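User: I'm new to reading protein structures. Could you walk me through this one with some questions and answers?

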Amino acid sequence: MEDPNDLVSVYQGANVTEAHLVMNLLLEQGIEASVSEENEPLAGLSIASPDVLVKRSDEARARALIETMEADQIRRAERPDWTCPKCAATVEGSFDFCDVCGADRPTG
């Protein structure tokens, strides 16, 4: 029988930073999580991709949250660029704030 406290991988990050972003998302939602590879090797070359680990009992909920996060990232990346109403700069569609003056993305 599987122990609900066993750790299982729910996400494999491209690097430690990405894995920590996912870990923090899970922690914010009350899911205890950790990253398997805490140390970056010399020269920034990864030996192994870091895994985000959770208890088996939290696996389904963690995977659902990660799936929602990934879908939101895709949706944001596909948004069109916009013009800042404050400074008229062209801003990348995935941004919610102007990277020139900090103004909010217009609604609608």
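Analyst: Sure, here come some questions and answers on a model that is predicted.

User: Let's start with the sheet. In what order do its three strands sit?

Analyst: It's an open sheet, and the pairing is antiparallel. β1 (7-12) and β2 (33-35) each have a single partner strand, so they stand at the edges and one side of each is left without a neighbour in the sheet. Reading across, the order is β1-β3-β2.

User: How many bridges hold β1 and β3 together?

Analyst: The two strands pair in the antiparallel sense. One of the bridges links Gln 12 with Asp 51 in β3. The count for β1 and β3 is five bridges.

User: And on the other side, which residue in β3 stands opposite Val 35?

Analyst: Strand β3 covers residues 51-55, and β2 pairs with it in the antiparallel sense over three bridges. Ser 34 stands opposite Leu 53 in β3. For Val 35, the residue opposite is Val 52.

User: Is β3 largely enclosed or left open, and how many of its residues are buried?

Analyst: To call a residue buried, you need under 20% relative accessible area. Enough of β3 passes that it counts as largely enclosed by the rest of the structure, because the buried residues number four of the five.

User: Now the helices. What angle does the direction of α2 make with that of β1?

Analyst: Let's take α1 (residues 16-28) as a warm-up: it packs on the sheet, touching β1, β2 and β3, and its direction makes about 170 degrees with that of β2. Helix α2 (residues 59-77) also packs on the sheet, touching β1 and β3. Its angle with β1 is about 5 degrees.

User: How do α1 and α2 lie relative to each other: parallel, antiparallel, perpendicular or oblique?

Analyst: Their axes come within 10 Å and cross at roughly 120 degrees. Roughly perpendicular covers 65 to 115 degrees, and roughly antiparallel needs over 145, so neither of those labels fits. That makes α1, relative to α2, oblique.

User: Which residues of α2 does α1 meet there?

Analyst: α1 passes α2 in a right-handed crossing. From α1, the residues involved are Val 22, Leu 25 and Leu 26. On the α2 side, they meet Ala 62, Leu 65, Ile 66 and Met 69.

User: I spotted some cysteines. How many disulfides does the structure hold?

Analyst: A disulfide is a covalent bond between the sulfur atoms of two cysteines. The sulfur of Cys 87 is 3.7 Å from the closest cysteine sulfur, in Cys 98, which is too far for a bond because the cut-off is 2.5 Å. Cys 101 is in no disulfide either, as the nearest cysteine sulfur, that of Cys 84, is 3.6 Å away. The total is zero.

User: Are Cys 87 and Cys 101 buried, partly exposed or exposed?

Analyst: Cys 87 has a relative accessible area of 33%, and Cys 101 comes out at 30%. Both values fall between the 20% and 50% cut-offs. So Cys 87 and Cys 101 each count as partly exposed.

User: Last one: what is the phi of Ala 88?

Analyst: Most residues other than glycine have a negative phi. Ala 88 is found in the loop between β4 (82-83) and β5 (90-91), and at 55% relative accessibility it counts as exposed. Its phi is positive, with a value near 70 degrees.

Definitions and conventions:
Residues numbered from 1 in each chain as written. Predicted model: local features only at pLDDT ≥ 70, side-chain atom pairs only at ≥ 80, totals over all residues. Heavy atoms only, no water. Buried < 20%, exposed > 50% of the residue type's maximum accessible area, 1.4 Å probe, protein only. Pairing = 2+ DSSP bridges. Contact = heavy atoms within 4.5 Å. Axes fitted to C-alpha atoms, helices over the stretch in contact; angles between N-to-C directions. Parallel < 35°, antiparallel > 145°, perpendicular 65-115°, else oblique. Left-handed = near helix turned anticlockwise from the far one by under 90°.
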